[in-house]
Amino acid sequence: MASFDPYSGLPKKHGSDYQTDHTTFQTLKKKPTSIKELPEWNFDGSSTGQAPGDNSDVYLRPVAMYPDPFRLGDNLLVLAECWMSDGKPNSYNFRHDAAVLMEKNASHEFWFGLEQEYTLLDAQGWPYGWPKNGFPAPQGPYYCGNGTGKVFCRDIVEAHYKACLYAELNISGTNAEVMPAQWEYQIGPCTGIELGDHMWMSRFLLHRVAEEFGAKVTFAPKPIPGDWNGAGLHSNVSTKEMREDGGMKHMEKAMEALAKRHKEHMTVYGEGNEARMTGAHETASYDKFSWGIANRGASVRINRQCADEGKGYFEDRRPASNADPYQITGMIVETLCGKVEGIEMYKTITQAEPVELDMVVPISKP
């Protein structure tokens with residue numbers, strides 16, 4: 001297992017890593033005790049495709065901070081929103097609109113829990129542990145597997161889990177998935193915008209940990225064509241009304257609202273999702289909305305225990321593994337509760353020029 005403490009012998013300083021989709025480091029004179037004590041910073045947005053060269057400054061406004069599992073000590077990881085010089089959110093700052101929606105609908109007490117699936121690749125872009133001249137045995141023994149030949153890269157998974165716990169992220173579990181070298185971890189339950197914050201930071205930590213092992217992480221929803229499971233970001237949703245007695249009627253009402261905006265949701269639920277959502281491998285049809293009790297082949301599943309008790313939560317199984325958690329949760333709140341003045345989540349998302357949320361990793365049989 002790679003060490004998380006390669007610099008422990010150095011003198012302690014008070015540092016902050018600023019996280020957006022990228023990372024930069026800043027040294028401070030003293031350890032911040034709140035977000036308000038962190039300075040606003042900026043970076044060259046033209047180098048990341050977030051701003052033109054003639055107006056390249058993008059401002060970083062801290063929104064959350066976490067203990068740093070790599071530098072340890074008083075060091076912090078800082079999550080920041082991106083803003084432009086005209087005082088408006090950067091066009092890729094989807095957190096802003098989602099946060100407004102969450103705040104305006106705080107009385108509903110939204111809880112979210114997202115299941116992040118991903119695939120670990122070797123330096124050549126082939127799934128870790130797979131034969132170089134072919135494919136492993138068919139799916140079956142790998143899901144929640146144990147033992148050599150059934151699971152790969154458990155050391156990376158364990159290291160990531162420990163890093164998330166150290167950073168005080170609300171990670172609630174992890175498991176090997178159906179395809180070998182594919183894994184999942186769960187973030188949540190979190191209230192409101194906190195889910196997106198914890199998920200983005202956990203993704204950063206995953207890439208950072210994998211870097212220590214010389215492995216690549218891909219969130220591609222269908223990394224290997226053929227009879228292999230894809231990767232999703234199943235999104236569990238619950239409101240105060242759904243958790244109370246009689247909550248089932250509120251879940252059924254939510255199904256009606258989600259069905260009406262199925263096309264819009266699919267547009268923002270990740271790139272390349274069509275290859276994953278074929279109706280096979282525990283997925284529903286990409287074009288048609290459906291829901292059911294304990295049905296993993298439906299667009300939305302309601303847990304059987306929740307159905308028996310008449311309250312609880314539902315699982316939106318449509319989002320791809322590379323989807324933006326702010327877009328997912330923001331769209332769900334907007335669909336279930338209605339639009340907020342000045343905020344149109346779907347419009348904000350679709351007006352931004354398409355970009356790769358995931359590192360492009362070409363995958364081909366060696």
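So, the largest nonpolar core: it has 73 residues, and the ones touching the most other members are F112, Y118, L205 and F314. Keep in mind that this is a predicted model. The element that gives the most to this core is helix α3, residues 194–213, with 9 residues. And apart from it there's another core, of 7 residues, with F43, A51, V58 and C82 among them.

Let me stay with F112 for a second. What is F112 in contact with, once you leave aside its neighbours within four places in sequence? Quite a list: M102, then I187, G188, P189, C190, G192 and L195, then N236 and V237, and finally T329, I332 and V333.

Okay, aromatics. We have 7 aromatic pairs in the structure. The one I'd like to show you is F135 with W228, which is stacked, at 6.4 Å centre to centre and with 20 degrees between the planes. Where do these two sit? F135 is in the loop between β6 (111–121) and α2 (154–166), while W228 is in the loop between β9 (216–218) and β10 (233–238), so the pair ties together parts that are 93 residues apart in sequence. As for burial, F135 is partly exposed, at 41% relative accessible area, whereas W228 comes out at 8% and counts as buried. And if you follow the ring pairs, W126, W130, F135 and W228 link up into a cluster.

There are also arginines over rings. R61 has its charged end over the ring of W83, 4.1 Å from the centre. Then R203 lies over the face of W200, and there the distance to the ring centre is 4.8 Å.

W83 brings me to strand β5, residues 76–83. How many of its residues are buried? 8 of 8. Looking at the two faces, L76, V78, A80 and C82 point one way, and L77, L79, E81 and W83 point the other way; all of them are buried, and yes, that includes E81. C82, by the way, is one of the residues in that 7-residue core I mentioned. The strand runs antiparallel to β4, residues 57–67, and 8 bridges join the two. If you want a register point, A64 stands opposite L79.

Last stop, Q327. This glutamine lies in helix α9, residues 325–337. Is Q327 buried or exposed? Its relative accessible area is 7%, under the 20% cut-off, so Q327 is buried. Leaving aside neighbours within four places in sequence, Q327 is in contact with F94, V268, M345 and I349.

Okay, over to you for questions.

Terms used
Residues numbered from 1 in each chain as written. Predicted model: local features only at pLDDT ≥ 70, side-chain atom pairs only at ≥ 80, totals over all residues. Heavy atoms only, no water. Core = buried A, V, L, I, M, F, W, Y, C linked by side-chain atoms within 4.5 Å. Buried < 20%, exposed > 50% of the residue type's maximum accessible area, 1.4 Å probe, protein only. Helix = DSSP H or I, 4+ residues; strand = E, 2+ residues; numbered from the N terminus. Contact = heavy atoms within 4.5 Å. Phe/Tyr/Trp six-rings, centres within 6.5 Å; stacked < 30°, edge-to-face > 60°. Lys NZ or Arg CZ within 6 Å of the ring centre and 35° of its normal. Pairing = 2+ DSSP bridges.
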